[in-house]
Structures are given as structure tokens and as C-alpha cells.
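Reader: Hello! I am new to this structure and would love a close look at a single part of it, with the surroundings filled in afterwards. Could you walk me through one helix and then show me what else is there?

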Amino acid sequence: MQSPFVEPGGTNDAQLFFLTAVYAYVLYMASDLISSGSELLMLVPSVAGVVGSIVLPILGAVPDGMMVLFSGVGPNAQETVAVGVGALAGSTVMLLTFPWFICIIFGRVPLKDGKADYGNKGKAGLCGSGITFSPSIKKNCKIMLATTLLYAVIQFPATAEETAGEDTKGQAAAEKQPAVIGLIACILAFMGYLVYCFMEANEDKQLAAVVEGIENKQITIAAALQFIKKTSESQKELLDKDRARLKKVCKPFFRRYDFDKDATLSKSEMKPLLHDLGYWPDSDQMDKMFAVATDAYTDSRLQKSMDKDGDGKVNFEEFVDYLYKFMCDESKMNKAPMPSEAPKCIKYGDDDEEEEEEVMPEDLAHLTPSQQMSRVIMRALWMMGLGTVLVLVFSDPMVDCLSEWGTRLGISPFYVSFVLAPFASNASELLSAYTYACKKTEKNMTTSLSTLIGAACMNNTFVLGIFFALIYLQGLAWQFTAETFSMILIQWVIGLLAIKSNTQTVFTGVLILLCYPGCLFVVWFLENKVGWD
């Protein structure tokens, strides 16, 4: 069967550049169609949880997966598969560097006490500013780092064969069994990650329902504290993520009692809260809680008060600290009025921002709800279907173009694919990161970074699994030690930076951005100076 595409080998440089640009643009549009169609399905309540946790991650990895697949088939698969490795490495590293840097630069706000002050969204300089994300990012990074271990399944046997001096055909034969083991491991890790995403999505929905109940005055503050206490991992001290849960349920109560909306609670505003907790203090007891920082009170007295800084008012952090102490006091909790039936156990969300609702497209706003759902589903399926077809059709010729560029430039196709392929298949992530960053909230920073980390996890499981299948079915040899080491190294550097602190400055952002060219340098150094591969 004749191909409708022009053979790159028969073109001059200008024609090859034009072909590459056209294919890259088509793949970019295809990726955007898949992403936009998936997001439309988020408007359908019955499938929103599944779409966000399963459909989006899978479809997001389709462009890279298809490029990898087509690079490993054909008569010269052992040579062209370098394009697939470049697409995998470039996609993973690009997503963890450029969009992350964009989030920090455009989402930064002034720092206060080592944390991003999202209440101050004014102009922020390059120094003394940064972003703060929720503790859930640390957990996601640990999962990402765990998935990098899957590369060891094929890398160790490949290194052993290369050290023994085995030729390409002999190495490929020896790697078939490890490839099967790796494929099974990738499938299990991939399914496990989807289950984890699904459970996290459902937990967020449950928490959102509980917070809505709090805002509608259907759940008392004492009952909310009881939930946190029962579902906390540690009963002795509040862990970071348990504190995030507590802040999530405390926020609507704080807003409710903050009558003058000055982001602090005065004595008169605290009284209704204490009454709801079953505590009726007199004026002297209130004075002790709001110990003013004067000579009349000692430092120890101030430490025992609710008003830690002695300014005569309670801010949100002091409010959370007080409720935590109240929650840990069994005698006080027993006196607090509880509903006759406690709500079901909830899990936690990670930020204290208000939820943002998905917006129905304007051209569908005039329709009835049932008509809207029908149109949304049809439009989403059409967009995702067309995007997927375009990816399937244009990935193969794009691989041929990138391979041809490597030949003409006298370099490995890996380098060409590393630089060009990610910006064709994942360019929409750059715009998405910018959009989230400009909102300058902890919730949006967390959402954006979680998406980037999730994409890396999908590459380490779904896309790597395609490689393992190609090694077994096509008889390919894994000869990418330098590339593998560099890709894992960059993921560990960025992952450890996020695990170390959930506040990152512009300096951290620059370090993360430098990891992109740094990865290419490490590959070049290991191949040309150390002699790997």
C-alpha cells in the first residue's frame, strides 16, 4: 500500500523543515483536541471523577506513546527507536522543567514567614517571592520517583550484556525475558497509579460535599473536628496532610464568624464560635484568651492564650491551632454539641481555596440540562476521537522526519527528538501552566504541578511499557544507558526539590529550568567522554 506522505529522504532541507513544521503543528492540534475534549467531559457529573482520574492521564500520554510505538517498527527499527527514546526523555524532562518554571515565574507572590502569601497578589520581585503548593505534591513526587525504578528492569540486563561485549542481536535475544518482566511490572504500576488517581478523585469529591454541608450550616464545627480526629493517621500529633484537612474544614467556619471580613476574629466574633463548641466563657476568660502583649502579661501567659502574637485578634493560623488543641482535648470534645448522626468519614483536600466550577460553553448555555449533557458528550467524543486519529496518522511520518534530521545533521536522532517532539505533543501544557499560574492560588499551583508529575508517571509506566513490548516483539536491544541515567537523574533532582520544601523561589525555578539543557549535556558527556553506549 502506497503512503500518502512524502518520503523525508527525497526532500531538500527547506522541504524537510516545512514537513516537520506541518507534522508538529498537526500533532499539537491533535493533542489539544484530546485535552479539550477530555476537559469537556468534566462537565458531566456521572463521569467527571473517572475522566479526571483515568481518561485524562491516559489520553495525555497517547501522543508520546504513539511516537514511541511507530519509532520501533519498520525495517530499521533499531536505529529509528532512538527517536522514541528522545520523545520519551524529552517529554518527561520538558514537562518537569519548562511548565514548572512558568508556574513559579508567573504564579509567584511575596513570601511571608517562609510561605507564599497568596493574600498579597500585588507585584512581586524576583527576590523574596515564590510559590507554595500543598503537601500532596510531595506524595505525588514520591510515586514518580518510585516509577523510575521500572527502568532498572531492562537497564541492568542491558548493561551486563554490553559489558560482556555481546553484539546487538545477541543483546536483543538476552533482553527478551527482562522485557516481559518489565512489561508486566509497567502494567501493574500503570493500573495501580490509575486506581490511586481514582481514589484521590473520589476523596476530593467527598470532601467537597462535606465542605458544602459546612457552608450550608448542615454540619457543626464540633462534628467536623470529630471527623478530622477519627480519620487522622496520627492521633498524637497533626501531620502535614492532616493539618491540611483541618484547614480545609476550618476555612468556611472562619469565614462564617468573621463578620467584618477583615481576615481576623475579634473577641465578639469568637464568642459565637465558642458557644457552638459548648464553651461559655466569661469576660475574664475571654481576656485570657486574648492576652494583649503588655507588661501585665508574661510570655508564658501569652503562650497559653489563643491570640499567640498578642495583637488582640485571632488570625486563621491561630484559629486552626486553637481548634486543633480543642480537638485533642477529650473532655472538651465530649461537652461539645454533636449531631444525632455523624457524617460519613471523609478524606482530605490539600488547599484552603474556594472551589472553582467548570463553565458550560456559551453556545450551550441556552439549552436544557439534559440537552447540554447530550451535546457535551457528543462534542467531547468527537474532539477526542479526531485528536486520536490525527495522532495515529501523523506520528509515523513525524518519526521519519526526526530520524532524517539526525542523519543530515550527523547526530543521534535522540537529540533531535528530545528537543522537537515534546513541543509538538505537549505544547498545550505550557499554556495550561501559564493559565493556572496567573490565578496565583495554592489550589491552582497544586493542580498544575500535579498534572506535570502525573504526566511523568504515565511516561514511566504506560509509555515505557510500550518500549518493553517492542523489545520483546521486535527483537530490539536496549542501548540507551546514558539516556536512561540522565532521564532518571533529572526526575530525582526535581522530585527531591519538591519533597524538601513545598515553597519554591525564583532561584529554585531557575535550577529546575536548567535541568532541561542539563539533561542533554549529561547524555552527551556520558556517551562521548565516559564511553557509555
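Author: Happy to! Let us begin with helix H5, which covers residues 152-163. H5 has twelve residues, and from its first C-alpha to its last it reaches 16 Å, close to the 16 Å expected at 1.5 Å a residue. Please keep in mind that you are looking at a predicted model.

Which residues of H5 are buried? They are Ile154, Gln155 and Ala158. If you look down the axis of H5, the buried residues fall within an arc of 95 degrees, so they line one face of the helix. Now turn to the face that points away from this buried side: there you find Phe156 and Thr163, which are exposed. Just after H5 comes Gly165, with a positive phi of about 80 degrees.

With that helix in view, let us step back to the whole protein. Its secondary structure comes to 20 helices and four strands. The protein has 533 residues, and 49% of them count as buried. The accessible surface is about 25100 Å², with 61% of it belonging to carbon and sulfur atoms. Take the contacts between residues at least 6 apart in sequence: 75% of these join residues at least 24 apart.

Next, the strands. How are the four strands ordered in the sheet? The order is E2-E1-E3-E4, in an open sheet with antiparallel pairing. Strand E2 (115-116) and strand E4 (503-505) stand at the edges with a single partner strand each, so one side of each has no neighbour in the sheet.

We can follow the sheet from the E2 edge. E2 is joined to E1 by two bridges, and the two strands run antiparallel. One pairing to find on your screen is Lys112 with its bridge partner Lys115 in E2. The hairpin of E1 and E2 has two residues between the strands, and Asp113 takes a positive phi there, near 55 degrees.

Asp113 deserves a short pause. Most residues other than glycine have a negative phi. Asp113 is not a glycine, yet its phi is positive, at about 55 degrees. Is Asp113, in the loop between E1 and E2, buried or exposed? Its relative accessible area is 76%, above the 50% cut-off, so Asp113 counts as exposed.

Moving on through the sheet, E1 also pairs with E3, in the antiparallel sense and over two bridges. Here Pro110 stands opposite Ser129 in E3. Strand E3 (residues 129-132) is in turn joined to E4 by three bridges, and these strands run antiparallel too. In E4, Thr503 is the bridge partner of Thr132, while Gln504 is the bridge partner of Ile131.

E3 is covered on both faces. Ser129 and Ile131 lie on one side, Gly130 and Thr132 lie on the other, and all of them are buried. A helix also lies across this part of the sheet: H3 (residues 77-107) crosses strand E1 (109-112), E3 and E4. H3 runs at about 120 degrees to E3.

Two further residues are worth finding. The loop between helix H17 (427-439) and helix H18 (442-474) holds Lys440. Lys440 is not a glycine, but it has a positive phi of about 50 degrees. Its relative accessibility is 18%, under the 20% cut-off, so Lys440 counts as buried.

The other residue is Leu526, which belongs to helix H20 (residues 506-530). Leu526 has a relative accessible area of 9% and is buried. What does Leu526 touch, leaving out residues up to four places away in sequence? Its contacts are Ala482, Phe485, Ser486, Gly531 and Trp532. Among these, Ser486 lies 40 residues from Leu526 in sequence, and in space the two are 9.0 Å apart, C-alpha to C-alpha.

If you would like to retrace the tour, go back to H5 and find its buried Ile154, Gln155 and Ala158, then look to the face turned away from them for the exposed Phe156 and Thr163. Enjoy exploring!

Definitions and conventions: Residues numbered from 1 in each chain as written. Predicted model: local features only at pLDDT ≥ 70, side-chain atom pairs only at ≥ 80, totals over all residues. Heavy atoms only, no water. Pairing = 2+ DSSP bridges. Contact = heavy atoms within 4.5 Å. Axes fitted to C-alpha atoms, helices over the stretch in contact; angles between N-to-C directions. Expected span 1.5 Å × (residues − 1). Buried < 20%, exposed > 50% of the residue type's maximum accessible area, 1.4 Å probe, protein only. Arc of directions from axis to C-beta. Areas by Shrake-Rupley, 256 points an atom, 1.4 Å probe, with all protein chains shown as cover.
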